[in-house]
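Work through the exercises below with the sequence and the model side by side. Try each task before reading its solution.

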Amino acid sequence: MPRFYFVLFFACSFLISSTAKGQFPVSFGKDNKPVLKKPEVKVAILLLKNSYIKTDSIKVQVTITNKSTKDQKVIFGKHSGSMPWGMSANVVNKYGKSVTESTTRALTDSHFYFESELEKKGYYYYLKPGEKDTWTYYLDKILVFNYDNFNQLKPGTYNLELSYFGNPSNKITFIIQKP
């Protein structure tokens, strides 16, 4: 029994944490069931270089574009610390195997945020139809690579794809060189 309660507590904590953080924007419908709100955006990524020595130096430029015909409320770029909101990433090696331990660093954070708190702090803003917003992040601030290798990638060729609230980006290739 104790193991069951631990698993249940962990699962509930993850759901509450992810929802409260804005990783999965949720509202409640008339039947009191959660309704996922997925923004209508195009996500485009660009690496400032295509070859790197160390993983922690990889800068990725992320642009979201409002594809809707209406203004959209977003929480992109305005973030807590250095972790972007609502973003996850996956990196795969040349064999198609993921080398990502956690697709988003936000899951490792222990602070809970409620939508009202984020609105009060001014983290939300509106994008007009067709309007773009671009921010640049270090890749290791978005995700966690394999813990066995101290959050670093071994030399090789990798593919990267990001997602903003479930909207996938283009895929790009980069190389990690030997030091």
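Two strands pair if DSSP finds at least two bridges between them. Helices (H or I, at least four residues) and strands (E, at least two) are DSSP runs, numbered from the N terminus. With these terms, strand E4 (residues 51-52) and E13 pair in the parallel sense over 2 bridges.

This is a predicted model, in which local features need pLDDT of at least 70 and side-chain atom pairs count only at pLDDT 80 or more, while totals for chains, interfaces and linings use all residues. Residues are numbered from 1 along each chain as its sequence is written, and side-chain values use heavy atoms, with hydrogens and water left out.

**Exercise 1. Describe the chain as a whole and state where the model has low confidence.**

Step 1. Count the elements: the protein chain has 2 helices and 13 strands.

Step 2. Look at burial, where buried means under 20% relative accessible area, exposed over 50%, and partly exposed in between (1.4 Å probe, protein chains only). Of the 179 residues in the protein chain, 37% are buried.

Step 3. Take the surface, with accessible areas from the Shrake-Rupley method and a 1.4 Å probe; for residues, only the protein chains shown count as cover. The protein chain exposes about 10900 Å², and carbon and sulfur atoms supply 58% of this area.

Step 4. Check the contacts (heavy atoms within 4.5 Å). Among contacts between residues at least 6 apart in sequence, 69% join residues at least 24 apart.

Step 5. Read the confidence, using pLDDT, the predictor's confidence in each residue, from 0 to 100. The mean pLDDT of the protein chain is 75, and 66% of its residues reach 70 or more. Over residues 1-24 pLDDT stays under 50, and the model has 32 contacts beyond four places in sequence for this stretch. Where pLDDT is low, the predicted coordinates should not be read in detail.

**Exercise 2. Trace the sheet that contains E4 and E13.**

Step 1. Set the order: 4 strands form an open sheet, E4-E13-E12-E7, with mixed pairing. E4 and E7 are the edge strands, each pairing on one side only.

Step 2. Place the E4 residues. Serine 51 stands opposite isoleucine 175 in E13, and tyrosine 52 has isoleucine 176 of E13 as its bridge partner.

Step 3. Move to E12 and E13, which run antiparallel and are joined by 8 bridges. Glutamate 161 stands opposite lysine 171 in E13.

Step 4. Inspect the turn. The hairpin of E12 and E13 has 2 residues between the strands, and phenylalanine 165 takes a positive phi near 50° there. Phenylalanine 165 is not a glycine, although its phi is positive. With a relative accessible area of 9%, phenylalanine 165 is buried.

Step 5. Finish at the E7 edge. Asparagine 93 lies in strand E7 (residues 87-93). Leaving aside neighbours within four places in sequence, asparagine 93 is in contact with Val99, Thr157 and Tyr158. Its relative accessible area is 17%, so asparagine 93 counts as buried.

**Exercise 3. Which strands form the sheet of 3 strands, and in what order?**

Step 1. The order is E3-E5-E10, in an open sheet with antiparallel pairing.

Step 2. Strand E3 (41-47) and strand E10 (132-138) are the edges, and each pairs on one side only.

Step 3. Neighbouring strands of this sheet are turned by 20° against each other on average, direction ignored. Such angles use axes that are lines fitted to C-alpha atoms (for helices over the stretch in contact), and run from 0 to 180 degrees between N-to-C directions.

Step 4. E3 and strand E5 (residues 59-66) pair over 7 bridges in the antiparallel sense. Isoleucine 45 has valine 62 in E5 as its bridge partner.

**Exercise 4. Locate the salt bridge and judge the exposure of three charged residues.**

Step 1. A salt bridge is a side-chain nitrogen of Lys or Arg within 4 Å of a carboxyl oxygen of Asp or Glu. The structure holds 1 salt bridge.

Step 2. Lysine 121 forms a salt bridge with glutamate 117, and their closest N and O atoms are 3.6 Å apart.

Step 3. Lysine 121 is partly exposed because its relative accessibility is 49%. Glutamate 117 is also partly exposed, at 24%.

Step 4. Lysine 154 is found in the loop between strand E11 (144-145) and strand E12 (156-164). At 56% relative accessibility, lysine 154 counts as exposed. The C-alpha atoms of lysine 154 and lysine 178 are separated by 8.1 Å, with the two residues 24 apart along the chain.
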